[in-house]
Amino acid sequence: MLDETIVDSRINYECADDALSSLSDMDLVRLRKAASFYCIPSRYTSDELLNQTFRKVLDGSRTYKKEINILAFLIETMRSLASSDCKSQKRKPECRLDPERPKEHDPSTEAPCIGKSPEELIESRENVAIIKERVLKLFDDKPGIKDVVEAIMEEMTRQEIKELMGLDDTGYDTIRKYIRRRLQKAFPEGWKNE
Amino acid sequence: MNNIRKQLLKLADEVASDLMLASDEEIRSEAIEDGLDIEKEVSKVRGILEQSRFRKAQDDLKKEHIKTLVKGNVIDINEARSRIRRACEKNKDLLMAARFGEELLDEDVMDAYRQMVKHGIIQEDLNDDY
């Protein structure tokens, strides 16, 4: 039984590792861009989030099966990490005595930079509010698109937004691409590094 | 979850979905348009991946080392935790030791396991009840 567990874990690791090796350069660029946007609601930096995502997949905490698209799997894992971290912040925001962050930060360390002083917590809440304001302001010249951004933030589904705005799939995808491009241009290093 | 964080997460979902749909050519030309050094970006992500692999290998080595610490029997850390837990459940005097289950570091669990084997609380034979 014990041996079978070890063998299974080895097979899972090799399967995940092969899939990770198969990622193309453009997939890696996609991952980096996704991480820079997913990290903002969490306490991870973009690099930490990427590192944790790879580790979850490699250590089998998230079991990868070879028939799954590895890029989609990684992005889903990344999202799940960011979301869990946001929830855990809500449940028990951590305060630490020493708010200083290590100067040489190693993104491969186990946890995100989770310790926050009360001042940092307030600042971080203010930061996300500022980011939201900046995001919406980006679309002041395109009220229709701004409405879509607001609807996405209000958790309306794709279908609901399409119906509300009278869009078909192509129209929705075109607007979404426009939103992404504008966000990327305004926040080239992701929201957290602004 | 902070409402604004949740809203930004939803927006990130849409960004990610669009990134998934974009073709390689689109991603490449957008990167060039944005003045991004593609090679540098790629190398950075590959570096992070290598770090993750290295950490995983380190963890595996550590676990392998821990496994061989119990003389005569190769025992997995999870099995050791589970045997300690079962021993504690059967022996009320070991109530305090029940804490060993999840909170201790692997090395400490193995240390506790060795002590319990030494004192006959847990039998060395892995086929034993605990």
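How do the residues of the lining of the second largest cavity divide into nonpolar, polar and charged? They split into 4 nonpolar, no polar and 3 charged; nonpolar means Ala, Val, Leu, Ile, Met, Phe, Trp, Tyr, Cys and Pro, charged means Asp, Glu, Lys and Arg, and the others, Gly among them, are polar. Keep in mind that this is a predicted model, where local features need pLDDT of at least 70, side-chain atom pairs count only at pLDDT 80 or more, and totals for chains, interfaces and linings use all residues. Residues are numbered from 1 along each chain as its sequence is written, chains are lettered from A and ligands numbered from 1 in the order in which they are written, and side-chain values use heavy atoms, leaving out hydrogens and water.

**Where two helices cross**
- Helix α8 of chain A (residues 169-186) and helix α1 of chain B (residues 3-21) have axes that come within 9 Å and cross at roughly 105°.
- That makes α8(A) and α1(B) roughly perpendicular (65 to 115 degrees).
- Their contact (heavy atoms within 4.5 Å) includes A:Tyr172 and A:Leu183 from α8(A), plus B:Ser17 and B:Leu21 from α1(B).
- By class, this contact has 7 nonpolar, 2 polar and 6 charged residues.

**The cavities**
- You'll find 2 cavities of 30 Å³ or more (grid points, 1 Å apart, where a 1.4 Å probe fits but cannot get out; lining residues have an atom within 4 Å of a point).
- The largest is about 40 Å³, and A:Lys33, A:Gln184, A:Pro188, B:Asp34 and B:Leu36 line it.
- The second largest holds about 30 Å³, with A:Ile152, A:Arg176 and B:Glu14 among its lining residues.

Terms used: Axes fitted to C-alpha atoms, helices over the stretch in contact; angles between N-to-C directions. Helix = DSSP H or I, 4+ residues; strand = E, 2+ residues; numbered from the N terminus. Parallel < 35°, antiparallel > 145°, perpendicular 65-115°, else oblique. 1 Å grid on protein atoms, 1.4 Å probe; cavity = no way out; pocket = protein on both sides within 12 Å on 5 of 7 lines; lining within 4 Å. Points joined across faces, edges and corners; volume = space filled by probe spheres on them.
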